[in-house]
Amino acid sequence: MTINLPGRSVGIRDGTGRDGTGRDGTGRDGTGRRSGRHGRWLTGLGAVGVGYSLSWIAGLSVSAPSPAFGASGRQIVAAFAGHGAALATQFALTEGLPAAGIAVVAVALASAARARGQITAGQITAGQITAGRFALASGLTAAIISVLQFGLGLLLATTSSPGTAQLAYAAVNRMDGGKMLALAVLGAAGAAMTPLPKWLRITGIALAVSIAVSGVVYLLLLSSLAAAAGPALVLLLIFITGCGIIIGMQNGAASRGDS
């Protein structure tokens with residue numbers, strides 16, 4: 001994103017070959033380091049986005065049982081018997097750690113909408129403010145649900161009571177549905193934010209549609225349609241990781257005063 005700053009001198013070099021910003025013709029500043037908008041892509045926020053995807057990938061690689069939605073309490077206890085450590089690890093990597101990633105990216109999206117949103121007559125448009133608020137509210141809601149699922153996952157990893165296991169397992173799956181609907185709102189809000197590039201806004205739209213469908217499937221415990229969550233998860237990883245990297249780069253450029 002290019003911002004034209006009034007009164008800024010561009011292209012006027014002194015006798016050293018550097019312009020008024022201290023950069024020479026090679027695009028390096030006086031210290032010899034590369035400057036400009038094409039700086040580091042893996043900022044702190046970018047690392048959070050990348051970490052979100054890596055945590056999910058690692059969690060899915062853990063071999064842990066996954067009973068059907070309608071499994072009885074005894075079937076659930078029997079399936080998880082001897083797999084407590086793997087189950088706890090999987091929930092930590094797919095629910096616990098990702099909760100922090102969702103929350104951080106949601107806050108970053110809301111901040112980006114306010115700080116670098118579309119500006120009309122010197123003020124941020126109401127649409128950008130609204131999109132930022134929806135992103136913040138839906139992202140934090142999804143993060144809270146994810147933390148609760150992590151807690152229930154630890155309970156499932158340790159309980160031997162069929163009744164408790166059945167209630168906890170059904171709650172985890174239904175909460176997944178609620179979390180997906182919250183993430184659908186997050187995707188739609190991101191799609192309305194002008195600070196994000198077009199490809200990422202399109203991803204937000206695709207995420208909103210696909211994960212909303214998956215959310216209904218999990219809320220109603222429709223086991224025959226559970227596979228619909230696969231494409232939605234891929235889009236979610238792309239969206240969260242992309243937002244972390246892009247907003248992190250934008251924040252870095254703004255702090256350096258790049259145009």
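Helices α3 and α4 run roughly antiparallel to each other, a label used for angles over 145 degrees, while angles under 35 degrees count as roughly parallel, 65 to 115 as roughly perpendicular and the rest as oblique. In numbers, the axes of α3 and α4 (residues 126-158) cross at roughly 170 degrees and come within 8 Å. Axes here are lines fitted to C-alpha atoms, for helices over the stretch in contact, and angles run from 0 to 180 degrees between N-to-C directions. The crossing of this pair is left-handed, meaning that the near helix is turned anticlockwise from the far one by less than a right angle; clockwise would make it right-handed.

Before going on, a word on what you're looking at. This is a predicted model, so local features need pLDDT of at least 70 and side-chain atom pairs count only at pLDDT 80 or more, while totals for chains, interfaces and linings use all residues. Residues are numbered from 1 along each chain as its sequence is written, and side-chain values use heavy atoms, with hydrogens and water left out.

Now for the overall layout. The chain has 7 helices and 2 strands, and reading along the sequence you meet them in the pattern α-α-α-β-β-α-α-α-α. Helices (H or I, at least four residues) and strands (E, at least two) are DSSP runs, numbered from the N terminus. Of the 259 residues in the chain, 41% are buried, which means under 20% relative accessible area; exposed is over 50%, and partly exposed is in between (1.4 Å probe, protein chains only).

Back to the α3 and α4 pair, this time with a residue to click on. Ser-146 sits in helix α4 and is buried, at 1% relative accessibility. Its C-alpha is 5.5 Å from that of Ala-99, though the two are 47 residues apart in sequence.

Helix α3 (residues 84-115) also packs with helix α5 (residues 162-191), at an angle of about 25 degrees and with the axes 13 Å apart. At that angle, α3 and α5 are roughly parallel to each other. Here, too, the crossing is left-handed.

What do the side chains of Glu-95 and Lys-179 form where they meet? They make a salt bridge, at 2.6 Å from N to O. The term covers a side-chain nitrogen of Lys or Arg within 4 Å of a carboxyl oxygen of Asp or Glu. Glu-95 lies in α3 and Lys-179 in α5, so this pair ties together parts that are 84 residues apart in sequence. Neither partner is out on the surface: Glu-95 is buried, with a relative accessible area of 5%, and Lys-179 is buried at 6%.

Lys-179 has another partner. Its side chain meets that of Asp-176 in a salt bridge of 3.4 Å, N to O. These two both lie in helix α5, 3 residues apart, about one turn of the helix. Asp-176 is buried as well, with a relative accessible area of 14%. Put together, Glu-95, Asp-176 and Lys-179 are linked in a network of salt bridges, and the count by this rule comes to 2 salt bridges.

Helix α5 also has some distant-in-sequence pairs to look at on another side of the story. The C-alpha atoms of Lys-179 and Ala-212 are separated by 9.6 Å, with their positions 33 residues apart along the chain. Asn-173, likewise found in α5, is buried at 7% relative accessibility. Asn-173 and Tyr-218 are 45 residues apart in sequence, yet 5.9 Å apart in space, C-alpha to C-alpha.

Last stop: the loop between α6 and α7. Leu-221 lies in this loop and has a positive phi of about 55 degrees although it is not a glycine. Is Leu-221 buried or exposed? At 19% relative accessibility, Leu-221 counts as buried.

Leu-225 is found in the loop between α6 (198-219) and α7 (229-256) too, but Leu-225 is partly exposed, with a relative accessible area of 45%. Together with Leu-181, Val-216, Leu-219, Leu-220 and Leu-222, Leu-225 makes a nonpolar surface patch of about 460 Å². Patches are made of residues with over 30% relative accessible area and no salt bridge, with nonpolar side chains (Val, Leu, Ile, Met, Phe, Trp, Tyr) joined within 5 Å and like charges within 9 Å. The accessible areas come from the Shrake-Rupley method with a 1.4 Å probe, and for residues only the protein chains shown count as cover.
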